[in-house]
Structures are given as C-alpha cells and as structure tokens.
Amino acid sequence: AVLSEIQGRFTVGQDKIATRKFGSVAKVLWPHKTAANIAAIAGRDERTAKRWLAGEFEPPLIVVLAVVNEIFRVQ
C-alpha cells in the first residue's frame, strides 16, 4: 500500500524505502578514509565497511558504539 502511494516499485533485495543516517554521521566523524576507519574498528575489510556506509547492511554493534563514543568524546 505504501509503495503505491509513493508510485514506487519494490524489487526484493535491491530497493530501499528509507535511507539510513549511519553513513552520513560516520563521514562527519571520520571525514578522511571513513570506510577504512570503520573497517579497522570492526576488524573487517574495507569493502564491507563501504556497504555499511551505503546502508546496504546494518553495521555491527561495536561500530555503532564507536560512533556513539566519538559523538560524546570530550575534545
């Protein structure tokens, strides 16, 4: 019903209805080599981190906690 309201088509596994804010926040916190920084925190490869930043997959809890820690860190 929602898709017909917004005149959209849904393809399983390809379309996103809502955007995620994780990538935008991470790029503000780590403006240079964002994916590399996120990958290092999680112990994963940079390609996986790029997919988290793009919103294709949810980042692991360790990365989310690192973002929260960075937000509240005293400069």
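**Entry 1: the core**

I began with the largest nonpolar core, which has twelve residues: Phe-22, Ala-26, Trp-30, Ala-35, Ile-38, Ala-39, Ala-42, Ala-49, Trp-52, Leu-53, Val-63 and Val-67. I then looked up which elements give two or more residues to this core, and they are α2 (22-29), α3, α4 and α5. The largest share comes from α3, with four residues. A reminder to myself: this is a predicted model.

**Entry 2: the whole chain**

Next I stepped back to the fold. I find five helices and zero strands in the chain, and along the sequence the pattern reads α-α-α-α-α. How many of the 75 residues count as buried? I get 24%. The accessible surface of the chain is about 6000 Å², and carbon and sulfur atoms hold 55% of that surface. I also looked at contacts with a separation of 6 or more: 40% of them join residues 24 or more positions apart.

**Entry 3: α3 against α4**

Back to α3, this time with α4 as its partner. Two packed helices are described by the angle between their axes and the distance between the axes. For α3 and α4, the angle is about 110 degrees and the axes are 8 Å apart. I therefore note α3 as roughly perpendicular to α4, since angles of 65 to 115 degrees count that way. On the α3 side, the contact is made by Thr-34, Ala-35, Ala-36, Ile-38, Ala-39 and Ala-42. On the α4 side, I listed Glu-46, Ala-49, Lys-50, Trp-52 and Leu-53. Sorted by type, the residues of this contact are eight nonpolar, one polar and two charged.

**Entry 4: Thr-34 and Leu-53**

Two residues of that contact got a visit of their own. Thr-34 lies in helix α3, which covers residues 34-42. Is Thr-34 buried or exposed? Its relative accessibility is 10%, so I count Thr-34 as buried, the cut-off being under 20%. Leaving aside neighbours within four places in sequence, I find Thr-34 in contact with Ala-26, Lys-27 and Leu-53.

I ran the same lookup for Leu-53. Which residues does Leu-53 contact, leaving aside neighbours within four places in sequence? They are Phe-22, Gly-23, Ala-26, Thr-34 and Ala-35. Ala-26 is on the list for Thr-34 and on the list for Leu-53, and I had already met Ala-26 in the core.

**Entry 5: Lys-33**

Then I turned to Lys-33, in the loop between α2 and α3. What caught my eye is its backbone: Lys-33 has a positive phi of about 55 degrees, although it is not a glycine. With a relative accessibility of 69%, Lys-33 counts as exposed, because the bar for that is over 50%.

**Entry 6: Glu-56 and Leu-61**

Last stop, the stretch after α4. Where is Glu-56? I find Glu-56 in the loop between α4 (46-54) and α5 (61-72). At 42% relative accessibility, I log Glu-56 as partly exposed. I also checked Glu-56 against Arg-20: they are 36 residues apart in sequence, and their C-alpha atoms are 9.1 Å apart in space.

Leu-61 is in helix α5. With a relative accessible area of 59%, Leu-61 goes down as exposed. I paired Leu-61 with Ala-42, and these two are 19 residues apart in sequence and 9.0 Å apart in space, C-alpha to C-alpha. Ala-42 is a familiar name by now: I have Ala-42 in the nonpolar core and in the contact of α3 with α4.

Methods:
Residues are numbered from 1 along each chain as its sequence is written. This is a predicted model: local features need pLDDT of at least 70, side-chain atom pairs count only at pLDDT 80 or more; totals for chains, interfaces and linings use all residues. Side-chain values use heavy atoms; hydrogens and water are left out. Buried means under 20% relative accessible area, exposed over 50%, partly exposed in between (1.4 Å probe, protein chains only). Contact means heavy atoms within 4.5 Å. Accessible areas come from the Shrake-Rupley method with a 1.4 Å probe; for residues, only the protein chains shown count as cover. Axes are lines fitted to C-alpha atoms, for helices over the stretch in contact, and angles run from 0 to 180 degrees between N-to-C directions. Angles under 35 degrees count as roughly parallel, over 145 as roughly antiparallel, 65 to 115 as roughly perpendicular and the rest as oblique. Ala, Val, Leu, Ile, Met, Phe, Trp, Tyr, Cys and Pro count as nonpolar, Asp, Glu, Lys and Arg as charged, and the others, Gly among them, as polar. A nonpolar core is a set of buried Ala, Val, Leu, Ile, Met, Phe, Trp, Tyr and Cys residues joined through side-chain atoms within 4.5 Å.
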